[in-house]
Amino acid sequence: MASGSAALAVVAVAVAAALLALCGSTEAHAQFGAYNKTCPQAEDIVFKEMTAVLAKSPGLAGSMLRLFSVDCFVGGCEGSILLDSTANNTAEKDSPLNKGLRGYNVIDSIKAKLEAACPGVVSCADVLALAARDSVRITKGPYIPVPTGREDGNRSSAADVAPNTPKPDASITDLITFFGKFNLTAKDLAVLSGAHTTGKAHCPAFSARLYNFTASNNISDPTLDANYTATLRGQCAAGDLATLVDLDPSSDTTFDLGYYRGVAASRGLLSTDGALLLNEDTRAYVTRQANATAPAEFFADFAASFINMSKIGVLSHHKGQIRRHCSVVNPLSASSQAPVTMGAHAAVLLASSFVSIVALALVL
């Protein structure tokens with residue numbers, strides 16, 4: 001119990017620091033407890049639904065995290081990844097780079113429950129953020145007090161995906177530069193990569209490491225552990241487009257340190273996982289977590305980095321809308337019905353959240 005309390009205290013202090021940074025931010029307009037008055041049961045509804053979903057399909061935990069991160073990096077955390085294509089527009093979800101994304105039906109189901117309880121109040125962007133957050137919590141990771149009050153965007157274009165998605169073979173320099181575009185650091189890269197402790201990847205995401213890595217036939221990536229390469233070849237034959245493989249085979253449904261232990265042993269599934277060993281700072285973080293006896297530091301860091309990511313490109317103050325159905329933009333008549341009370345008590349709620357979390361840290 002003592003070690004668990006210590007871990008919670010570390011997480012509480014780290015999140016309190018993130019809250020303080022958010023309080024002084026001029027870019028992020030989400031706030032903590034945005035639905036306390038307008039839909040007080042919102043977060044409970046999301047958690048209950050995600051608990052049921054992951055009980056039936058544990059592998060969707062990683063899928064929800066990936067869906068949220070893709071949404072944030074392409075146009076901001078405003079739910080554009082959820083929009084369907086139309087006759088005149090190919091949406092982000094139909095980009096070839098996003099063909100492996102899963103979880104849209106989960107978001108639609110949760111949104112329907114929220115619409116029944118509080119019509120026109122909770123945005124699809126927030127449903128996605130909360131579902132990703134709860135995926136961490138339900139799989140034994142840290143609780144993250146995610147800011148809410150995001151509004152939904154009304155634009156989604158497949159053309160925006162490639163410029164805002166790291167290439168599968170991106171170098172560590174490319175990855176750090178990419179994260180820097182969103183005011184995220186090399187540490188954020190190493191920490192958020194830890195989300196690969198849950199979830200799966202389709203064979204095409206890493207098959208280039210197994211077959212024809214160089215001009216010579218049948219040569220594999222020499223930085224990948226040879227025994228792991230053999231195992232992966234047994235799971236993914238050349239040309240296999242459908243098979244899903246665990247990102248962290250040691251504990252693919254538990255949010256823990258297994259991912260870092262795999263990467264440190266040259267068993268990171270994706271090329272971008274292995275790339276973390278090629279930079280002094282990211283390698284040091286991987287090594288430290290791989291050798292850690294408890295996940296307290298990782299949990300605290302992940303909570304802070306997740307909050308940082310969740311602030312990217314947020315829409316608020318009526319710059320977006322509250323979609324009634326996550327896959328389509330509201331007609332004008334529905335858009336005009338978006339509630340105006342979401343940001344009214346932001347400062348009070350934020351101050352209250354900060355004080356509460358600091359108090360929790362002191363108590364623990």
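This tour moves through a predicted model, with stops at helix 11, at Asp273 and at the aromatic side chains.

Begin by selecting helix 11, which spans residues 280–290, and colour Thr282, Tyr285, Val286, Gln289 and Ala290, which are buried. Turn the view until you look down the axis of helix 11: these buried residues fall within an arc of 130°, so they line one face of the helix. The spacing follows a general pattern, since an α-helix has 3.6 residues a turn, so residues three or four places apart point the same way. Now rotate to the other side of helix 11, where Glu280 and Asp281 are exposed.

To see what the buried residues of helix 11 pack against, add helix 6 (172–180) and helix 7 (186–192), together with helix 9 (258–264) and helix 12 (296–310). Before leaving, zoom in on the start of helix 11, where a side-chain oxygen of Asn279 comes to within 2.9 Å of the backbone nitrogen of Asp281.

Next, select Asp273, a residue of helix 10 (residues 271–274). Which side chain of opposite charge is nearest to Asp273? It is Arg209, at 6.2 Å, and Asp273, although buried, has no salt bridge. Show His196 as well, because a salt bridge needs a side-chain nitrogen of Lys or Arg, whereas the side chains of His196 and Asp273 are joined by a polar contact of 2.9 Å. Leaving aside residues up to four places away in sequence, Asp273 touches Tyr259, Val263 and Gly268 in addition to His196.

The last stops concern aromatic rings, of which the structure holds 15 pairs. Select Phe73 and Phe182, whose rings form a tilted pair, with 5.0 Å from centre to centre and 55° between the planes. Phe73 belongs to helix 3 (residues 60–73) and Phe182 to the loop between helix 6 and helix 7, so this pair ties together parts that are 109 residues apart in sequence. Phe73 counts as buried at 10% relative accessibility, and Phe182 likewise counts as buried, at 16%.

Keep Phe182 on screen and add Phe178: the two form an edge-to-face pair, 5.3 Å centre to centre with 70° between the planes. Phe178 is buried too, with a relative accessible area of 8%.

Finally, select Phe68, Phe255, Tyr259, Tyr260, Tyr285, Phe298, Phe299, Phe302 and Phe306, which form one aromatic cluster. Two of its members recall earlier stops: Tyr285 is among the buried residues of helix 11, and Tyr259 is one of the residues that Asp273 touches.

Technical notes. Residues are numbered from 1 along each chain as its sequence is written. This is a predicted model: local features need pLDDT of at least 70, side-chain atom pairs count only at pLDDT 80 or more; totals for chains, interfaces and linings use all residues. Side-chain values use heavy atoms; hydrogens and water are left out. Buried means under 20% relative accessible area, exposed over 50%, partly exposed in between (1.4 Å probe, protein chains only). Helices (H or I, at least four residues) and strands (E, at least two) are DSSP runs, numbered from the N terminus. The arc is that of the directions from the helix axis to the C-beta atoms. Contact means heavy atoms within 4.5 Å. A polar contact is a pair of N or O atoms within 3.5 Å; within protein, one must be able to donate a hydrogen and the other to accept it, and residues adjacent in sequence count only if both atoms are side-chain atoms. Lys and Arg count as positive and Asp and Glu as negative; His and the chain ends are not counted. A salt bridge is a side-chain nitrogen of Lys or Arg within 4 Å of a carboxyl oxygen of Asp or Glu. Rings of Phe, Tyr and Trp (its six-membered ring) pair if their centres lie within 6.5 Å; planes under 30 degrees apart count as stacked, over 60 as edge-to-face and the rest as tilted.
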